[in-house]
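Work through the exercises below with the sequence and the model at hand. Each task is followed by a solution in steps.

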Amino acid sequence: MEKILSVSGLQKSYVTKGNTYPVLRGVSMEMDRGEFVAVMGPSGSGKTTLLNIVSGFLSADSGQVKVGSVDMLHTGKEKQAEIRSGILGFIFQDFMLIDGLTVQENIFLPQIIAKKPAADMEGKTRDLLCAFGIEDISGKYPGELSGGQKQRVAIARALSNEPLLILADEPTGNLDSKSSNAVIEAFLFAKEQLGATVLMVTHDAIAASHADRVIALSDGMVVRELVRQKEQRQFMNDILEFLKIVEVGE
Amino acid sequence: MTLNEITRKLIRQNKSRYILFGLSICFAVAMAGAYGVLLFSRVITDVLMTDGSTYLISLGMYGITMIGIVVFLFYANAIYIQLQMREIGVYLSLGLPSKSVGKIQNRQLDITFLIGGAAGLVLAVPFSFGIWSLLSLFISYTDGAFRVGEKGLLIAGGLWILAWVILRIRNAVHIARLDVIRILRSSSECEELKAAHPLLGIIGLTAVPLGLILFNITAVIYPLKNFSVLFLGVSLIGMYILTAQITSMGSIVKRFFPNAYRKSILFYNLVRQKGNQYTLSLFVSSLLITLTVFSICFNGSIFLELYYAIKEEPYDYAVLAGASGEKLDENRIRSFAEESGISLSEWHSLDMLLLGREHQYMDASRNEWSPEMVVNVSDFNALSGMNLSVPDDGYSYFQDSDDSMFQTCSEDRGLFYNPCIKEDFTLQRIELVSKESVLNETAKINSFAVVSDNTFYRISDTLDSSYKMTYYLFHGSNTENSSEFQKGLLAEIAAINKGEIFVSWQDQVIKDKMGSYEDIYIPYDGNELYAARWWEFYPYAKQTELDVQMEAGAVYLILIFFIAIISFVSATMIMGLKIAGTIMQDTESYKRAMYLGLKENDLKKIIRKQIGLIYFFPVICGCVTASFMINRFMEASSATRILEITLVAIGLSLIVFLIQLILFFFLQKKLVLSTSGIIYESR
């Protein structure tokens, strides 16, 4: 299988008022093309920091991060921006849709930034709108959509440049259970039908139970890795069991 | 679809934020321009002498208000950028390089600045005209034609361009250094003040009055006079320290009132976190409010003092009559008085000569020639009731004043110049004489050299008539007819002078001593106010002088009111924008507190307290400082109406406070409701 993400020995500390607080302590992980991986762990375990380093928003103290063949830690800011528009897709907890643009225009935006030809852009956007069942709201503005619809638009936007890797930060964090389900279905659709590779940071055990693998972080280290081999319900029980251990351990 | 089309659409969609920012720019440029257009207009410079202290004060106020306007624009820009932040964050996260994002933002800033600033410049002139029309209601001595002070437009244009360039650079640097994660996660900023300590706050609190007291003390001690302004600096620094430390007030409350601290722990911590952010806005708005109250009172006091000085003058009329041509003598003056139904009494006359005299200093390079009036000792003794004796080779110098210190630094040898025989001659200075109420202090002639009768007539014989005058001082009945009598005299004097004002009349006596000299004549018509204020031959009538001075005072005060209003509005807008920014920024903290069980009413209280702090600290600090400052300034300038002016300052402070209180209730109601609505409805 083609390696899409390769993280090894990643270390990161924050210095506040003269004190050093280690956040990541030698994290290593890998992702293959088409995989859906969830990163879980208690607050402060380093999940979001890991995501921010992988996306190039944050630098690391040491270690290596490769997205495809690109070394994210040793690339200049301009180049990182190019990488973000070319091979990464983002999904945020707050959706981060631009309120002044319609659904269709929001999906256009990453393609415009990546300077895609207009004809390709139109076609790709139409396909994504259909694929996520949101073609009927394509002319609406984010303010007119429900939380679940907004997140589906955000996923469609993240997929619009056919990125190697989609990074999702608590994508179900602000949603009710119905909308959360819709979002997870959208992820599964993206993975199965469009071959997308998804790295999702989440607190939501139900959402994580749909992933192929769950990487558990605690105190900045990978403490366990759960691979889904069983039914979803049983997998979720395993995740909850694991989370209990981590909480008690803390 | 292209990025340009997206940007254009976003501008259309978010037009309210561009309009709001554009209006802020328009307001700033229009206000700076309108005041400048008026301040540098000839109609105003005619009223206010351009090198006089009143004019310098109004220039100083203009300068400080410009700083306030720039700070206001900075806050307007901060709010504008905060509203743009979501778009900026999305662009950056989708891989648009920060340089390109900066370019997009700067293009939008350019358009907003261009339209807002140009509209401001265009509006400055009609706005200025509107204010001039209001001022004209108080003016009867000028021709009243509005003239644009181009310098004001240039300054407003300069301010516009300067703010544009600075904000352009600032925004580009800000975007280049942006923490994308913070935007994407909507994190709030935390800028706790470094070196925060309650002791510093106490030092600041003490330094403000202490600096003013020391200014007052040193301003009246001659050798320390030059240093007195440094103590104003101490007050200013004190105000800054106090402002900077106000955000750490929680530490003092925590130490002495732990229960009260615990009750409002969220409020004190939210305030503490914004130490750096609050300092500039609180300091500048405090300074602007101080300026508002102080400038109105200080300038009002100048004219109040003048009003009383004129009222207490010893003579109702003073007329200087030249000896050349058709002479305006006692009989003619009396006949004009009779025509107006005025009977004259206490008649005094002083024969005068116009000579040149060298003013000599310890540093001889600073010596300079100037015109000097000379009278004979008999006339002087008859007028003053004194018994002055002057030898033939000497002179005494008289000034209508209670200040016996005048001219004591002069190293005067008494070198005079006779312009007709073109000869220098020396008279030994005998003494300096000062006495109040001998002459009219506010009239054009209130000091001269006194020589012996022999010397006076000996010099007089060598001078031609253009250097000889008689000065008449007298009382008159029926003050209600004073204006008519004065107008009759003025018409006669204007006719004698062929309808012209000989501006360089006094300087002609020393033209041989000056590097460059030319006779300057201006027509009387169209320069009535100039004549009333500066022409030596303008007949003095106490009643009219009151009107003229009060007219100038009214013009000046309204001008000061205008800049004070700009200053006040700028301060209020700085505070308003800071409040809006703060509440926006604290939404996340409020949400977290809500999850921890904070009730809606308690949240409203916290928001109200924050708004109250930003709103009332500058108002109270500014008003108290200004009232105390005006009191000390009056004391230092030996004013006679200190209590009245201090009471006016306190009254004005109360009005400022009241206006702010009304604005506060309106603003807090709107902000508290909208913020608690956002937080509690988003659950």
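**Exercise 1: a hairpin in chain B**

Task: In this predicted model, find which residue stands opposite Y417(B), and describe the strand pair and its hairpin.

Solution. Begin with the residue pair: Y417(B) has D424(B), in strand 6 of chain B, opposite it. Next, place the pair in its strands. Strand 5 of chain B covers residues 415-418 and strand 6 of chain B covers residues 423-426; they pair in the antiparallel sense, with 4 bridges. Last, look at the connection: 4 residues lie between the two strands of this hairpin, and K422(B) has a positive phi near 50°.

**Exercise 2: the open sheet of chain A**

Task: State the strand order of the open sheet of 6 strands in chain A.

Solution. Chain A has 10 strands and 8 helices. The order in the open sheet is 6-7-8-3-9-10, and the pairing is mixed. At the edges are strand 6 (88-91) and strand 10 (221-227) of chain A, each of which pairs on one side only. With direction ignored, neighbouring strands of this sheet are turned by 20° against each other on average.

**Exercise 3: strand 3 and its surroundings**

Task: In which sense do strand 3 and strand 8 of chain A run, parallel or antiparallel?

Solution. Strand 3 (residues 36-40) and strand 8 (residues 198-201) of chain A are parallel and joined by 4 bridges. Within this pair, A38(A) stands opposite M200(A) of strand 8. Now add the helix: helix 1 (residues 47-54) of chain A lies across strands 3, 7, 8 and 9 of chain A, and runs at about 145° to strand 7.

**Exercise 4: chain A as a whole**

Task: What percentage of the residues of chain A count as buried?

Solution. Of its 250 residues, 49% count as buried. For the contacts in chain A with a separation of 6 or more, 71% come from residues 24 or more positions apart.

Technical notes
Residues numbered from 1 in each chain as written. Chains lettered and ligands numbered in written order. Predicted model: local features only at pLDDT ≥ 70, side-chain atom pairs only at ≥ 80, totals over all residues. Pairing = 2+ DSSP bridges. Buried ≥ 20, exposed ≤ 12 C-beta atoms within 10 Å, placed from the backbone. Contact = placed C-beta atoms within 7 Å. Axes fitted to C-alpha atoms, helices over the stretch in contact; angles between N-to-C directions.
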